[in-house]
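Subject: Handing over the two-chain model

Dear colleague,

Please find below the structure I promised to pass on, together with its sequence. My reading of it follows, and I would be glad if you went through it with the coordinates open.

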Amino acid sequence: MNIGDLTVAEIGSAVARRELSAVETTRHALARIASLNQSVNAFISVFADEALERARTLDARLHRGEHPGLLAGVPLAIKDNIVLDRGRTTCGSRMLAEYSSPFSATVAERLESAGAVLVGKTNLDEFAMGSSTEHSHFGATSNPWDLSRVPGGSSGGSAAAVAAGMVPGALGSDTGGSIRQPASHCGVVGLKPTYGRVSRYGLVAYASSLDQIGPLCRTVRDAGLLLSAIAGFDARDSTSAEIAPEDFTSELEHPVKDLKLGVPRQAWNSANAPSVTAALEAAIEAYRLLGAQIVEVDLPHIDHAIAAYYLIATAEASSNLARFDGIRYGRRAALNDGEGLMELYCRSRSEGLGPEVQKRIMLGTHALSSGYYDAYYLSALKVRRLVKNDHDAAFGLGGHAQATLPGCHALIMPAAPGPAFKRGEKLGDPMALYLEDVYTVGVNLAGLPAITLPAGFAVSAGDGGVEHRLPIGVQLVGPALSERVLLRIARMLERVSTATGAMPEPALAD
Amino acid sequence: MRSRRELGAILHYVDRLSTLDLKDVEPLASPLEMAGRLGADVEGESLPTEALLRMAPAAAFEAFVKVPKVLGSAGGGSA
């Protein structure tokens with residue numbers, strides 16, 4: 001069997017059945033990374049020796065008849081804003097280029113308890129601020145489907161690593177779409193859990209009321225498996241919801257009976273690329289053929305959700321990133337004679353933080369400043385309430401139910417307004433990148449679970465007349481804590497979609 | 001300069017919030033709508049000092065993070 005074609009679930013069972021060893025799977029991942037990372041730049045750091053050491057330990061345990069966990073022998077990567085107690089955690093920033101964490105994030109601990117082999121840390125937009133993975137101190141990541149294009153962001157490294165077959169799964173983080181949008185651009189599955197479902201302990205905070213960690217992988221089943229491994233209450237995260245552990249894959253193959261799918265009017269935005277409209281229409285038609293009832297719903301405040309998001313997220317970021325001051329950790333600037341604390345703060349932050357991060361900190365500080373707090377931050381929090389109410393109404397919840405429309409099981413909409421764009425294309429206009437998030441930020445504001453899965457392709461004329469297929473994903477959004485049903489709904493589409501399982505051109509497959 | 005232009009464009013964009021009637025809307029700061037859970041006052045382990053000092057840009061006496069003069073400094077310190 002070609003290890004590169006195997007999913008997380010398949011590797012897990014092959015290793016458990018002793019058909020594959022953890023060392024074999026790890027070696028394969030490391031070899032793929034070594035041959036492809038030069039051109040894709042998905043990884044900031046790779047732990048070859050530690051990973052192989054760990055794989056050998058796992059194989060020894062398996063040999064003794066032990067069961068090291070559901071993910072035993074599965075090589076995985078994690079986004080470099082999630083701390084690990086070995087190697088570096090850089091957040092894609094010069095500020096933390098040399099930083100080593102003394103502890104591991106809860107999600108990393110849980111993956112390792114389940115037997116996974118963490119092979120490296122993936123590239124990201126600095127401090128998770130971006131939608132293209134062009135804003136990293138360690139260089140841009142390229143989309144494996146077309147190396148002149150972005151993989152999306154901010155979890156672009158994780159998405160690209162999975163799409164290029166380097167690892168079967170990776171963790172990312174999603175604050176305004178940073179798992180779901182790169183998943184769409186890279187043709188992989190990306191899941192953002194309900195806020196509070198997965199512990200944020202060890203995730204370097206960008207916006208504390210919006211951030212969630214989630215999996216990027218190749219199948220809906222894998223997303224469920226990885227979520228099962230990392231989800232659950234954590235006393236070390238005060239925003240962790242007190243819910244019992246769940247197996248999110250237990251009824252995965254059972255279609256949802258009498259499925260009611262809501263399509264927001266706003267999903268048919270005139271700014272959408274034709275390929276996005278086509279993929280959405282095809283997905284809706286597929287659900288219709290499976291017996292689903294399709295209803296139109298209204299999310300009237302989507303137009304204001306981006307504005308609200310960029311005030312709330314930047315406000316929270318200005319607070320969260322205040323800790324990077326050159327004092328206790330991170331980059332400390334050199335001082336000249338006679339200079340003191342103020343110079344140290346300003347110079348360390350000016351040197352250590354990239355322009356996009358500085359921009360957002362300034363925006364957020366301004367939004368919270370007296371005289372502007374009401375007009376900006378408070379207004380944004382009120383719009384957040386309206387966005388949540390809109391979604392609740394569509395799901396028939398919270399006493400806001402639109403009387404004529406019993407609740408939908410899920411909403412369906414694009415994950416991004418177009419396919420992956422060219423590197424540099426959106427850097428000129430400040431709002432251009434931000435508008436990439438039009439279909440994703442509302443979900444974070446409302447704290448809901450959402451999944452992107454491959455749904456179609458766009459075709460682009462590349463350089464030298466070579467055509468590239470570019471993946472287009474479709475996004476499903478569910479009510480809070482509905483991941484189990486959401487995954488079943490996603491599985492229904494995955495089973496019939498021709499986009500399922502596609503990998504980039506031969507240049508990147510072996 | 002470019003940052004001013006970019007920040008100006010973003011502030012212009014977010015001004016659209018002022019077109020909404022938000023008078024009677026309750027703000028939502030977190031999806032969980034909870035004040036934050038308090039931890040039990042139980043003794044536990046802290047990160048070892050040695051690990052913390054290893055991260056510090058400058059350390060002294062194996063116990064302190066070394067910083068520039070805070071009190072009575074001419075160039076800074078008055079926050």
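Which residue of β3(A) does A:S45 stand opposite? It is A:K121, and since what you have is a predicted model, that pairing, like everything below, is computed from predicted coordinates. The two strands concerned, β1(A) and β3(A), the latter covering residues 117-122, pair in the antiparallel sense over 3 bridges.

They belong to an open sheet of 11 strands in chain A, with mixed pairing and the order β1-β3-β2-β4-β6-β5-β10-β11-β9-β7-β8. Its edges are β1 (43-46) and β8 (293-297) of chain A, each of which pairs on one side only, and neighbouring strands are turned by 30° against each other on average, direction ignored. Helix α12 of chain A, residues 374-395, packs on this sheet and touches β8, β9 (410-414) and β11 (467-477) of the same chain, its direction making about 120° with that of β9(A).

Two strands of the sheet deserve a closer look. Strand β10(A), residues 450-461, is mostly covered, with 9 of its 12 residues buried. On one side β10(A) runs antiparallel to β5(A), residues 189-192, to which 3 bridges join it, and A:T452 is the bridge partner of A:G190 there; with β11(A) it pairs, again in the antiparallel sense, over 11 bridges, A:I451 having A:L476 as its bridge partner. Strand β7(A), residues 260-264, has 5 of its 5 residues buried: A:K260, A:G262 and A:P264 point one way, whereas A:L261 and A:V263 point the other way. This strand is joined to the edge strand β8(A) by 5 bridges, the two running parallel, and A:P264 has A:V297 as its bridge partner in β8(A).

A:L476 comes up again in the packing. The largest nonpolar core holds 171 residues, and A:L476 is one of those that touch the most other members, along with A:L71, A:L111, A:F127, A:Y287 and A:I412. Helix α9(A), residues 302-320, supplies the largest share of this core, 12 residues. Leaving aside neighbours within four places in sequence, the contacts of A:L476 include A:Y287 and A:I412, as well as A:L261 of β7(A) and its bridge partner A:I451. In general, nonpolar side chains of soluble globular proteins tend to be buried together.

As for the interface, 59 residues of chain A are in contact with 40 residues of chain B, and the two chains bury about 4100 Å² between them, 71% of it on carbon and sulfur atoms. On the chain A side, A:L341, A:K382 and A:R385 lose the most area to chain B, together 15% of what that side buries.

Finally, a word on confidence. The model scores ipTM 0.89 and pTM 0.95, and chain B averages a pLDDT of 84, with 86% of its residues scoring at least 70. Among the elements of chain B, the mean pLDDT is lowest for helix α1(B), residues 2-14, at 89, and highest for strand β2(B), residues 64-65, at 94. Over residues 75-79 of chain B, however, pLDDT stays under 50, and the model has 8 contacts for them beyond four places in sequence. Where pLDDT is low, the predicted coordinates should not be read in detail.

With kind regards

Conventions. Residues are numbered from 1 along each chain as its sequence is written. Chains are lettered from A and ligands numbered from 1 in the order in which they are written. This is a predicted model: local features need pLDDT of at least 70, side-chain atom pairs count only at pLDDT 80 or more; totals for chains, interfaces and linings use all residues. Side-chain values use heavy atoms; hydrogens and water are left out. Two strands pair if DSSP finds at least two bridges between them. Helices (H or I, at least four residues) and strands (E, at least two) are DSSP runs, numbered from the N terminus. Axes are lines fitted to C-alpha atoms, for helices over the stretch in contact, and angles run from 0 to 180 degrees between N-to-C directions. Contact means heavy atoms within 4.5 Å. pLDDT is the predictor's confidence in each residue, from 0 to 100. A nonpolar core is a set of buried Ala, Val, Leu, Ile, Met, Phe, Trp, Tyr and Cys residues joined through side-chain atoms within 4.5 Å. Buried means under 20% relative accessible area, exposed over 50%, partly exposed in between (1.4 Å probe, protein chains only). Buried area is the accessible area (1.4 Å probe) that two parts lose on being put together, summed over both.
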